[in-house]
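Please read this report alongside the sequence and the coordinates. It begins with a charged cluster and then moves on to the helices, the surface and the overall architecture.

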Amino acid sequence: MEPNRTDAPARDAMRRPLLRLVLLGVFVAVVATVGFVFVPHDVEQIRAWSSQVGWTGALLFTLLYAALTLSPAPKNVLGIAAGLVWGFPVAFAMVYVGALLGAAASFLIGRALGREAVERFTGARVARLDAALGRRGLLAVLSARLIPVIPFTLINYGAGLTSVRRRDYAIGTAVGILPGSAAYVALGAFGWELGPGFWIALAAIGVLVIGGLVAGAIVRRRRDQRGVPGA
């Protein structure tokens, strides 16, 4: 008995999003391995490297930070190191631009490789939550960005998998990462002296936690009022 040829397009349509999702997982695993193994995470190493390459290192560091944002490797120490090496104004610009570039790339990769699988294979509960994120994406992204304990890279790829609009993601990211980026850079630029800059940075991180929790509570309350189940 010959196989039903009309089923081939359907099988291909089911297989394609799964393959893309697997490719996304492999990509994240590879960049995570590279980030953890090959990228220096020691402040003194970064200081020695920057003294060798000069101001060209500022551009290279920005690109490195953006690339590292594609992986779950820890990045806060890089922000602290940048503040120590280049000072607050320059280091903040480097870290902020690098974070924006990496966040945009991660979002687009997640959207291209994983979004179709989410739409095709998730159930009604996830679909309702996804629809709510599409309506309240700006507040959801902003609240997630303001909580330092939520991994930066997880938010990037996760937002790409959902129906969060690109504009909401861009605005929420651009605003939401400002305090955290400034706080960690300030720890490097001022923290070693335990002066006012150090305490301001610590206070900023504390405000981030509180603000993010409050924003998250608002998102959950509005979601519950609309009858959207929790994730």
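In this predicted model, Asp 168 is buried, its relative accessible area being 4%, which places the residue below the 20% limit used for that class. Asp 168 nevertheless takes part in a salt bridge with Arg 165, in which the closest N and O atoms lie 3.1 Å apart, and in another with Arg 167, where the corresponding distance is 3.8 Å. Because these salt bridges share partners, Arg 165, Arg 167 and Asp 168 are joined into one network. The count of salt bridges comes to two. As for the arginines, Arg 165 counts as partly exposed at 41% relative accessibility, whereas Arg 167 counts as exposed at 52%.

The accessibility of the residues discussed in this report is set out below.

| Residue | Relative accessible area | Class |
|---|---|---|
| Asp 168 | 4% | buried |
| Thr 153 | 5% | buried |
| Ala 66 | 10% | buried |
| Arg 165 | 41% | partly exposed |
| Leu 101 | 45% | partly exposed |
| Arg 167 | 52% | exposed |

Helix α9 spans residues 166-190. With its 25 residues, α9 reaches 35 Å from its first C-alpha to its last, a value close to the 36 Å expected at 1.5 Å a residue. Within α9 there is a kink of about 35° at Leu 178, shortly before the proline Pro 179.

Thr 153 belongs to helix α8, which covers residues 152-161. Which residues is Thr 153 in contact with, leaving aside its neighbours within four places in sequence? They are Thr 69, Leu 70, Ser 71, Pro 72 and Lys 75. Thr 153 is classed as buried because its relative accessible area of 5% is under the 20% cut-off.

A further point of contact between separate parts of the sequence involves Ala 66, which is placed in helix α3 and counts as buried at 10% relative accessibility. Although Ala 66 and Leu 100 are 34 residues apart in sequence, their C-alpha atoms are 7.5 Å apart in space. When neighbours within four places in sequence are left aside, Ala 66 is in contact with Gly 98, Leu 101 and Gly 102. Of these contacts, Leu 101 is found in helix α5, and with a relative accessible area of 45% it is partly exposed.

Leu 101 also contributes to a nonpolar patch on the surface, which it forms together with Leu 59, Leu 63 and Val 97, and the accessible area of the patch is about 360 Å² in total. The elements giving two or more residues to this patch are α3 (56-68) and α5 (88-121). Leu 101 thus appears both among the contacts of the buried Ala 66 and in the surface patch.

Turning to the chain as a whole, the protein contains 10 helices and zero strands, and from the N terminus on its elements run α-α-α-α-α-α-α-α-α-α. Of its 231 residues, 41% count as buried. The protein chain exposes about 12,500 Å², of which carbon and sulfur atoms supply 70%. Among contacts between residues at least 6 apart in sequence, 82% join residues that are at least 24 apart.

Methods
Residues numbered from 1 in each chain as written. Predicted model: local features only at pLDDT ≥ 70, side-chain atom pairs only at ≥ 80, totals over all residues. Heavy atoms only, no water. Helix = DSSP H or I, 4+ residues; strand = E, 2+ residues; numbered from the N terminus. Expected span 1.5 Å × (residues − 1). Bend = angle between axes of the 7 residues up to and from the residue. Buried < 20%, exposed > 50% of the residue type's maximum accessible area, 1.4 Å probe, protein only. Contact = heavy atoms within 4.5 Å. Areas by Shrake-Rupley, 256 points an atom, 1.4 Å probe, with all protein chains shown as cover. Patch = residues over 30% accessible without salt bridge, like charges linked within 9 Å, V, L, I, M, F, W, Y side chains within 5 Å. Salt bridge = Lys/Arg side-chain N within 4 Å of Asp/Glu carboxyl O.
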